[in-house]
Amino acid sequence: MMPCIPPVCECWGAGPWRAAKASASTWPRGQTDVAPSEQLELSQICEVKATSSGTQLIRSLLCEGGFMSATLRWGDFEDGTVKALRLHMHMLEMEARAWASCHKFPLIEVWRGLRENCPWAQKGAENSVAAYRFGPGHAAAAAAEVWPLFDPGHCRSLAEALDQPRPHVQLQGALQEGNVQVEAFAYLLDRVCRRGVGDIFRRFVDLGSGRGLAVLIAHALFPFRDCVGVEICKEFNDSARSLAKRYADTGLAKFSKAKKKLDPTSMFVEGDLRDFDWSDASVAFANCVTWPVTLVAAMARKALRLRVGAVLLTSKRFPNDVMRGFDFRGEACMGDWTPYAVELWAYQRI
């Protein structure tokens with residue numbers, strides 16, 4: 001059986017697949033993601049090409065005559081036919097993953113994308129992101145990812161050193177504080193960076209950095225050349241600098257994986273993300289659970305200035321008119337404001 005790729009799937013990658021060479025004419029070319037420890041030639045990798053409404057393979061199987069394409073694109077979201085077709089495509093994707101898993105592929109990575117304003121596709125995208133919160137979602141475990149990129153022992157020491165009560169700051173509305181858990185965020189960055197494309201360790205930026213935990217985790221455990229946190233609230237920014245000083249005083253900063261050795265307190269900037277230039281970020285993070293829709297929209301439009309391959313992690317979905325500039329997948333991270341994992345959108349600039 002040859003695996004099938006559903007229309008909502010823009011690209012996926014896997015390990016060596018020599019059996020696919022015989023059918024190279026049916027497999028278009030495109031982006032692939034391979035575990036970094038695998039030194040493979042492009043001809044050894046499963047190659048899939050994204051089109052505006054799906055992959056060529058699935059369209060040849062399901063969209064003959066254009067009936068299914070037109071039905072899915074313009075049909076009523078609650079129509080029984082549309083529901084059945086969406087379920088069928090979902091099962092094809094699950095079948096493809098099961099096939100790849102049985103053949104011991106080292107990595108399966110799915111990035112979805114919205115190129116047209118289709119209600120059924122938008123709802124499917126939301127569900128795919130939410131799925132990551134409750135299980136493996138659509139980013140399967142990789143054989144090469146048994147050990148993280150960072151030092152787990154150093155991560156535990158960092159968690160102990162930075163485990164302090166929140167500062168007592170009474171604020172309302174969007175200016176609410178919520179901190180990521182150190183170990184959970186470290187593994188989140190591990191997944192993002194090891195699967196990233198291009199210069200993924202160029203710059204880490206936390207938009208609305210609060211106490212600065214995310215910035216300190218990135219600085220301590222990963223080889224970013226620059227790390228910065230932008231926070232509009234003076235009290236939170238002061239708290240971040242105080243925590244950064246503690247990070248330095250404990251000696252943990254001396255073992256930082258960051259390429260640039262500097263005073264950790266200098267990584268925090270008081271300001272508005274709408275005025276700050278973060279277009280050169282390779283990985284950006286926005287814990288925007290309480291942000292108003294207008295601020296999320298402003299951030300999304302600024303994200304269009306990111307370089308190709310840059311990843312922005314957010315806890316709210318981008319507006320539909322901006323999503324066509326990104327491929328996306330689901331992510332999740334534990335925070336201190338809820339006992340449950342918080343679902344995140346991982347947006348990759350295309």
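At the N-terminal end of helix α5, D151 acts as a cap, with one of its side-chain oxygens 2.9 Å from the backbone nitrogen of G153. The model is a predicted one, in which local features need pLDDT of at least 70 and side-chain atom pairs count only at pLDDT 80 or more, while totals for chains, interfaces and linings use all residues. Residues are numbered from 1 along each chain as its sequence is written, and side-chain values use heavy atoms, with hydrogens and water left out.

Helix α5 spans residues 152-162, and its buried residues are H154, C155, L158, A161 and L162; here buried means under 20% relative accessible area, exposed over 50%, and partly exposed in between, with a 1.4 Å probe and protein chains only. These buried residues lie on the same side of α5 because they cover an arc of only 125 degrees around the axis, the arc being that of the directions from the helix axis to the C-beta atoms. On the other side of α5, R156 and E160 are exposed. The buried residues pack against α6 (182-194), α7 (213-221) and α8 (234-249), where contact means heavy atoms within 4.5 Å.

In the protein chain as a whole there are 10 helices and 11 strands, taken as DSSP runs numbered from the N terminus, with helices being H or I of at least four residues and strands being E of at least two. Of its 350 residues, 52% count as buried. Among contacts between residues at least 6 apart in sequence, 73% join residues at least 24 apart. One pair distant in sequence is Q122 and N320, which are 198 residues apart along the chain although their C-alpha atoms are separated by 8.0 Å. Q122 lies in helix α4 (residues 119-134) and counts as buried, at 12% relative accessibility.

Side chains of opposite charge can pair when their charged atoms come close. The structure holds 11 salt bridges, each a side-chain nitrogen of Lys or Arg within 4 Å of a carboxyl oxygen of Asp or Glu. One of them joins R301 and D321 at 3.0 Å, N to O; since R301 lies in helix α9 (residues 293-303) and D321 in helix α10 (residues 320-323), the pair ties together parts that are 20 residues apart in sequence. Both partners are partly exposed, R301 at 40% relative accessibility and D321 at 46%. R329 and E331 also form a salt bridge, with their closest N and O atoms 3.0 Å apart, but here R329 is buried at 1% and E331 is buried at 0%. Salt bridges that share partners join R191, R329 and E331 into one network.

Technical notes. A polar contact is a pair of N or O atoms within 3.5 Å; within protein, one must be able to donate a hydrogen and the other to accept it, and residues adjacent in sequence count only if both atoms are side-chain atoms.
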